[in-house]
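Colleague: Please pick one part of this structure and take me through it closely. Keep the sentences short, and give the numbers with the reasoning.

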Amino acid sequence: MNFYVMTLFPEMIEQGMHTSITGRAMEKGLLSLKTINIRDYSVTGNGRIDDYPYGGGAGMVMQAEPIYRAYEDLLRQTRAQDKIRLVYLTPQGRVFHQAMAQELAQEENLAFLCGHYEGVDERVLEAIVTDYVSIGDYVLTGGELPAMVMMDAISRMVPGVLSNSDSGVSESFSDGLLEYPQYSRPEIWRGCPVPPVLLSGHHGNVDRWRHEQSLLRTFRNRPDLLKKENLNKEDLKYLRKLLESETDNGLSAEEISVLKNLLGISLKFSD
Ligand code: ADE
């Protein structure tokens, strides 16, 4: 997988990506990274790449031409004749998620454009961008951190990047549920014991317990991820048990309503 990043802060990207797992993957040749400093393509020759917005308003706008020239250079480097998948990081884009990471990991070359200031001249975006992506509903000072977040998540999907080939699969989101809690030695830490089932040596019980914990976590933290069509009979039985012992579980009215909805229990008659 070859990453290309057009940015005003190449050192930020280089430092971040050459660290830890992505850094090791680059040393092994599983990933490559090329940063392109947009400032090198200034048309005024003094490194300036922004100007005032037409129509007035606060802030500066990144000009179209330096970005387009940087893009042309990038195409020459990739030997991709006409077009490359190019992600523009913006809070106005589609929100990034695991399935998107998986899909983008299939590309051989993937480019990112990091904006700054008040924005980027719309004409160059229309000319070169293939995907508009946000990493969440908040506004950052630039696209560098979002680009790194995306590259990190995508890199983990590239075969060989994670040492244990399974670890990319059995974790949060891969089956639509959040990951179950993990424990390691000692057996009792500051008075807190490891859940006994994990010490039982009974793989079937351990698997069931972990799956139920995943269900519980997803229900508690991200009920929006729980879809009726993804739940099997056992899952529904567990959720029903949870609802029936609602006083012990201290469920909120909202949680009860989510559970009833999932279980197909009419709210009108049972409340
Ligand atoms: N640039 C600024 N904020 C952003 C966000 N939330 N996602 C992607 N790019 C951004």
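Modeller: I start with Arg 85, which is buried at a relative accessible area of 18%. The limit for buried is under 20%. The model is a predicted one.

What does Arg 85 form a salt bridge with? Its partner is Glu 107, and the closest N and O atoms of the two are 2.8 Å apart. This pair ties together parts that are 22 residues apart in sequence, because Arg 85 sits in the loop between α3 and β5 (86–95), whereas Glu 107 sits in the loop between α4 (98–104) and β6 (109–113). Glu 107 counts as partly exposed, with 26% relative accessibility. So a buried arginine meets a partly exposed glutamate.

The pair does not stand alone. Glu 103 and Asp 131 join Arg 85 and Glu 107 in a network of salt bridges. In general, side chains of opposite charge can pair when their charged atoms come close. The structure holds 10 salt bridges.

Two other salt bridges give useful context. Arg 76 and Asp 73 meet through their side chains at 3.3 Å, N to O. They are 3 residues apart in helix α3 (residues 64–78), so about one helical turn separates them. Arg 76 is exposed at 59% relative accessibility, while Asp 73 is partly exposed at 22%. Next comes Asp 50 with Arg 48, where the closest N and O atoms are 3.5 Å apart. Here the acid is the buried partner: Asp 50 has a relative accessible area of 11%. Arg 48 is partly exposed, at 34%.

Helix α8 shows how burial is arranged along a helix. It covers residues 233–244, and its 12 residues should span 16 Å at 1.5 Å a residue. The end C-alpha atoms are 16 Å apart, which agrees with that expectation. Which residues of α8 are buried? They are Asp 235, Tyr 238, Leu 239, Leu 242 and Leu 243. Seen down the axis, these buried residues fall within an arc of 140°, so they line one face of the helix. The face turned away from that side carries the exposed residues Lys 233, Lys 237, Lys 241 and Glu 244. The buried residues of α8 pack against α7 (203–221), α9 (246–249) and α10 (253–263). At the start of α8, Asn 232 brings a side-chain oxygen to within 3.1 Å of the backbone nitrogen of Glu 234.

Helix α10 also contains Glu 255. Glu 255 counts as buried, at 15% relative accessibility. Leaving aside residues up to four places away in sequence, Glu 255 touches Phe 219, Arg 220 and Gly 250.

Last, the ligand. The residues around the ligand include Leu 89, Thr 90, Pro 91, Val 133, Ser 134 and Ile 135. Gly 136, Tyr 138, Val 139, Leu 140, Gly 142 and Pro 146 are also among them. Three of these residues offer backbone atoms to ligand nitrogen. For Ile 135, a backbone N or O atom lies 3.0 Å from a nitrogen atom of the ligand. For Gly 136, a polar backbone atom is 3.2 Å from a ligand nitrogen. For Tyr 138, the distance from a polar backbone atom to a ligand nitrogen is 2.7 Å.

Conventions
Residues are numbered from 1 along each chain as its sequence is written. This is a predicted model: local features need pLDDT of at least 70, side-chain atom pairs count only at pLDDT 80 or more; totals for chains, interfaces and linings use all residues. Side-chain values use heavy atoms; hydrogens and water are left out. A salt bridge is a side-chain nitrogen of Lys or Arg within 4 Å of a carboxyl oxygen of Asp or Glu. Buried means under 20% relative accessible area, exposed over 50%, partly exposed in between (1.4 Å probe, protein chains only). Helices (H or I, at least four residues) and strands (E, at least two) are DSSP runs, numbered from the N terminus. The expected span of a helix is 1.5 Å times one less than its number of residues. The arc is that of the directions from the helix axis to the C-beta atoms. Contact means heavy atoms within 4.5 Å. A polar contact is a pair of N or O atoms within 3.5 Å; within protein, one must be able to donate a hydrogen and the other to accept it, and residues adjacent in sequence count only if both atoms are side-chain atoms. A residue is near a molecule or strand if one of its heavy atoms lies within 4 Å of it.
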